[in-house]
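I opened the notebook to record what I looked up in this structure. The entries are short and follow the order in which I checked things.

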Amino acid sequence: MAVAHYLEARYFSVKQNEAGKYRQIVEALLKLLGDIDRRISSIDRALKSISNASDEIKKLASKGRSIASGDILLEMNTADETIKAEQDAHAGN
């Protein structure tokens with residue numbers, strides 16, 4: 001009976017040690033997953049900032065092109081008006 005009791009106690013002791021090892025592994029894995037999640041969040045925030053900056057640059061470039069083509073059209077209209085005025089002045093003489 002004493003031997004059976006000893007073997008039973010030893011069996012539970014081994015099982016508890018194994019459970020403790022598994023628990024440590026699970027805790028380590030959970031910590032790693034938490035670290036990975038924090039880094040992914042950081043990367044997501046950085047990508048969002050980059051995307052927002054890229055969109056802003058595209059808007060500014062589009063405005064620049066619009067202004068540039070508007071200035072060119074304005075200069076062309078002014079030149080056309082000047083030529084027409086000169087032609088009218090010559091026609092009137």
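I started with D35 and asked whether it is buried or exposed. D35 is partly exposed, with a relative accessible area of 24%. I note that this model is predicted.

Next I looked up the partner of D35. D35 forms a salt bridge with R38, and the closest N and O atoms are 2.2 Å apart. This pair fits the rule because a salt bridge needs the nitrogen within 4 Å of the carboxyl oxygen. I wrote down the general idea as well: side chains of opposite charge can pair when their charged atoms come close. R38 is exposed, at 52% relative accessible area. By the rule, I count one salt bridge.

Then I checked where the pair sits. D35 and R38 both lie in helix α1, which covers residues 2-92. They are three residues apart, about one turn of the helix. I found one helix and zero strands in the protein.

My next entry is on the nonpolar side chains. Which residues form a nonpolar patch on the surface? I listed V26, L30, L33, I36 and I40, with about 480 Å² of accessible area together. I looked up L30 from this patch: L30 is found in helix α1. L30 counts as exposed, because its relative accessibility is 54% and exposed means over 50%.

Last, I took the totals. The protein has 93 residues, and buried residues make up 0% of them. Its accessible surface comes to about 8,600 Å², of which 62% belongs to carbon and sulfur atoms.

Conventions:
Residues are numbered from 1 along each chain as its sequence is written. This is a predicted model: local features need pLDDT of at least 70, side-chain atom pairs count only at pLDDT 80 or more; totals for chains, interfaces and linings use all residues. Side-chain values use heavy atoms; hydrogens and water are left out. Helices (H or I, at least four residues) and strands (E, at least two) are DSSP runs, numbered from the N terminus. Buried means under 20% relative accessible area, exposed over 50%, partly exposed in between (1.4 Å probe, protein chains only). Accessible areas come from the Shrake-Rupley method with a 1.4 Å probe; for residues, only the protein chains shown count as cover. Patches are made of residues with over 30% relative accessible area and no salt bridge: like charges are joined within 9 Å, nonpolar side chains (Val, Leu, Ile, Met, Phe, Trp, Tyr) within 5 Å.
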